[in-house]
Amino acid sequence: MDVKSMKNYLYWLFCQFELITCSYLMEPWEKVLFYTFNITMLFMLLYTAYIFVSAHVSSAFRFFLHLFGNQQENTVSVVK
């Protein structure tokens, strides 16, 4: 795929996005607010997924290890 056809394809995708969201009807300042809000929400969603999904997978992994009998040793020693 050459650069010109890739550029045309990306432009076509952007036009489809504008048609689906009806943002082609907006004024330029409204588009800036709309795109800023959408990009902010996307980054917040990705950040939240990165933080919380990894924590949930880690806790589920520890739960299943404990369930199948692979218990971790305590790091705190008992002092008499």
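## A walk from a buried serine to the surface

Start at Ser-23, which sits in the loop joining α1 (3-21) to α2 (28-67). The model shown here is a predicted one. Keep the loop in view, and then look at the whole chain. Its secondary structure amounts to 2 helices and 0 strands. The chain has 80 residues, and 2% of them count as buried. About 7,800 Å² of the chain is exposed, and carbon and sulfur atoms supply 70% of that area.

Now return to the loop. Is Ser-23 buried or exposed? Ser-23 has a relative accessible area of 0%, so this residue is buried. The cut-off for buried is under 20%. What surrounds Ser-23, once its neighbours within four places in sequence are set aside? The residues in contact are Glu-18, Lys-31, Phe-34 and Tyr-35. With Tyr-35 there is also a polar contact, side chain to side chain, at 3.3 Å.

Follow that contact to Tyr-35, which is placed in helix α2. Along the chain, Tyr-35 and Ser-23 are 12 residues apart. Their C-alpha atoms are separated by 9.3 Å. Leave out residues up to four places away in sequence, and Tyr-35 touches Phe-14, Phe-17, Glu-18 and Ser-23. One of these, Glu-18, has a side chain joined to that of Tyr-35 by a polar contact of 3.2 Å.

Next comes Glu-18 itself. Glu-18 belongs to helix α1. Its relative accessibility is 12%, so Glu-18 counts as buried. Beyond its neighbours within four places in sequence, Glu-18 is in contact with Ser-23, Tyr-24, Lys-31 and Tyr-35. Put the polar contacts side by side. The Tyr-35 side chain has one with the side chain of Ser-23, and another with the side chain of Glu-18. Glu-18 and Ser-23 are also in contact with each other.

Tyr-35 leads on to the rings. How many aromatic pairs does the structure hold? There are 5. Tyr-9 and Trp-12 make a stacked pair, with 6.0 Å from centre to centre and 25° between the planes. Both residues lie in helix α1. They are 3 residues apart, which is about one turn of the helix. Tyr-9 has 40% relative accessibility, so it counts as partly exposed. Trp-12 is also partly exposed, because its relative accessibility is 46%.

Phe-63 and Phe-64 pair in another way. Their ring centres are 5.3 Å apart and their planes meet at 65°, so this pair is edge-to-face. The cut-off for edge-to-face is over 60 degrees. Phe-63 is partly exposed, because its relative accessible area is 47%. Phe-64, with a relative accessible area of 43%, is partly exposed too.

Other rings join into a group. Which residues do ring pairs link into a cluster? They are Phe-14, Phe-17, Phe-34 and Tyr-35. Tyr-35 is thus a familiar name, and it also touches Phe-14 and Phe-17. Phe-34 is familiar as well, as one of the residues in contact with Ser-23.

Finish on the surface. Met-6, Tyr-9, Leu-10, Trp-12 and Leu-13 form a nonpolar patch there. Together they have about 490 Å² of accessible area. Among them are Tyr-9 and Trp-12, the stacked pair. Leu-13 is found in helix α1. Leu-13 counts as partly exposed, because its relative accessibility is 36%.

Notes
Residues numbered from 1 in each chain as written. Heavy atoms only, no water. Helix = DSSP H or I, 4+ residues; strand = E, 2+ residues; numbered from the N terminus. Buried < 20%, exposed > 50% of the residue type's maximum accessible area, 1.4 Å probe, protein only. Polar contact = N/O pair within 3.5 Å; in protein donor to acceptor, adjacent residues only side chain to side chain. Contact = heavy atoms within 4.5 Å. Phe/Tyr/Trp six-rings, centres within 6.5 Å; stacked < 30°, edge-to-face > 60°. Patch = residues over 30% accessible without salt bridge, like charges linked within 9 Å, V, L, I, M, F, W, Y side chains within 5 Å. Areas by Shrake-Rupley, 256 points an atom, 1.4 Å probe, with all protein chains shown as cover. Salt bridge = Lys/Arg side-chain N within 4 Å of Asp/Glu carboxyl O.
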